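User: I'm new to reading structures and would love a close look at one part of this one. Could you walk me through the spot where the ligand sits?

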Amino acid sequence: MKKNKFKIAVFAGDGIGPEIMKEALKILKIISDTKRINLQLCEGFVGGIAYNHFGTPLPDSSLELALRSDAVLLGAVGGPQWESLDYSIRPERALLGLRGNLGIYANLRPIVVFDELLDASPLKKSIIQGIDIMIVRELTGDVYFGKPRGIKKGKNGKRKGVNTMTYTEDEIRRIAIRAFEIARTRKNNLVSADKANILETTELWRDVVTEVGQSYPDITLKHMYVDNCALQLIRNPTQFDVIVTTNLFGDILSDEAAMLTGSIGMLPSASLGKKTALYEPIHGSAPDIAGKDIANPLAAILSVALMLRYSLSMPEEAYLVESAVTETLKEGFRTQDIQQKAKKLVGTEEMGNNVAKNLRKLLN
Ligand code: IPM
Ligand code: MG
C-alpha cells in the first residue's frame, strides 16, 4: 500500500526564512487537505534563531527531529548579527551539520528558465531560452568537511588558514551513479566539472566518474574543467543537461547558473541521501529585505514540489504545484526581484495566495 503518513521537519530559520516558509506551508496544506495525506509538520529551530535560544545553530533536539523525519523543509539561515561569532557556531554550520548527519550527499539544483521571465535575466533571450539544467552537487565531502581545517598560529606567530579538499572513491562513485541515473531520465547528457589538470582530488574524481560511465553506455559523458564550465554556462548554457560536480565547485556554479534564470529567488533544491531528504530554496536569508513582505516565495514553494516528487511519491501533485507557479507568472504577478514593466508587483504573501488560488483551480 502506498504510504500516506509522513513526518516533516520544518525549519524556517532566519531572515526571510519564516516569510517564505509560511507561503510554502500554505501550498503543502492545500495538497495534504485535498489528497488526504496525513502530514505531521514539526517545527524546530536552526541557524541564528537557534543560536539565540540555545547557544548553538543546530540543537540536538532539531537534529533528532530531522533524523526522525521523512523529509526536512528548510527556509534559510544566517544574518549580519551572527557574523562575528566563531565559525564553529555560525548559523551556516547548521546546514553543514544537517547535511553531514543526515548523509544527504546528492544536492539537486534544477536550473529552469520560465518563458514568462525571459526578460528578467540580464542575459540575451537568444542565449537563455530553453535552459533546463540539473546541477548535481556533491554535498557531504570536499573542503566543506575535509580535515584538518581552521585558522592556526604558525611558529612565526602569523596565522595560517587551512582547509582540506578530500574525496574517497566511494564518495565519488555514489554521486556519479546518481548523476548518471538522473541523466537517464532526461536527455542522456552528463558533464562532469573538475579541476583535474591541477588538483589530484579531482583527478581521482575524473577517473571514478569515467569508470562509472562504463556502466552507462547510453549516456554521453563529457569532462570539463570547472573554469571552462563557468565560461560555457554563460556562453552557451543550453548545451548542458546534467552537470555533476564537487561540493565547492557546485556551490559556485549553481549560483552562476541561477542568475541565468533572472533571479535566485526562483530556484529550489533537493538534497537526497539514503533515507531522509532536505528541501530548501537556493537563496540565502536576505536579511536586507527580511520582514518587509517583499521576498520571492516561489523558490520555497517549488521546493515543496520537489519534496512531493522525491520524498512523498506524489509526482503528479508536484507537477501541479509547478504548474500553479507558471500560471501565476503568466497572470503577470511578480515580486520585486523579478519585476518587469507592466506586470503586477506583489508581496510575498500575495504571491503565495495567487499560487494557492491557481493550485486549488488545478486540483478541482
Ligand atoms: C548553499 C549555500 C551554503 C553552501 C552556505 C550558506 C553554507 O551557499 O547552499 O549553496 O555554501 O553550501
Ligand atoms: Mg551557495
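User: How do the residues of the shell around ligand 1 divide into nonpolar, polar and charged?

Analyst: Sure, let's take it step by step, and keep in mind that this is a predicted model. The shell splits into two nonpolar residues, no polar ones and five charged ones. If you want to find them on screen, look for E92, L95, R99, R109, R137, Y144 and D251, which are the residues around ligand 1.

Now zoom in on the contacts. Start with Y144: an N or O atom in its side chain is 2.6 Å from an oxygen atom of ligand 1. Next comes R137, whose side chain puts an N or O atom 2.8 Å from an oxygen atom of the ligand. Then there's R109, with a polar side-chain atom lying 2.9 Å from a ligand oxygen. As for how covered the ligand is, ligand 1 would expose 320 Å² if you took it alone, and the protein buries 75% of that.

Let's step back and see where the shell comes from. Helix α4, which runs over residues 92-102, gives the largest share, with three residues. At the level of domains, the shell draws on two of them: domain 1 (1-112 + 263-364) and domain 2 (122-261) each supply at least three residues. And the space that ligand 1 takes up is the largest pocket.

While you have the model open, here are two backbone details to look up. Most peptide bonds are trans, and most residues other than glycine have a negative phi. Against that background, check the peptide bond from K147 to P148: that one is cis, with omega near 5°. You'll find P148 in the loop between β5 (132-138) and β6 (150-153). The other detail is R36, a residue other than glycine with a positive phi, near 50°. R36 is in a loop as well, between α1 (17-35) and β2 (38-43).

Terms used. Residues numbered from 1 in each chain as written. Chains lettered and ligands numbered in written order. Predicted model: local features only at pLDDT ≥ 70, side-chain atom pairs only at ≥ 80, totals over all residues. Heavy atoms only, no water. Near = heavy atom within 4 Å. Polar contact = N/O pair within 3.5 Å; in protein donor to acceptor, adjacent residues only side chain to side chain. Areas by Shrake-Rupley, 256 points an atom, 1.4 Å probe, with all protein chains shown as cover. 1 Å grid on protein atoms, 1.4 Å probe; cavity = no way out; pocket = protein on both sides within 12 Å on 5 of 7 lines; lining within 4 Å. Sits in = over half its atoms within 2 Å of the grid points. Helix = DSSP H or I, 4+ residues; strand = E, 2+ residues; numbered from the N terminus. Nonpolar A, V, L, I, M, F, W, Y, C, P; charged D, E, K, R; others polar. Domains from an automatic or database assignment.
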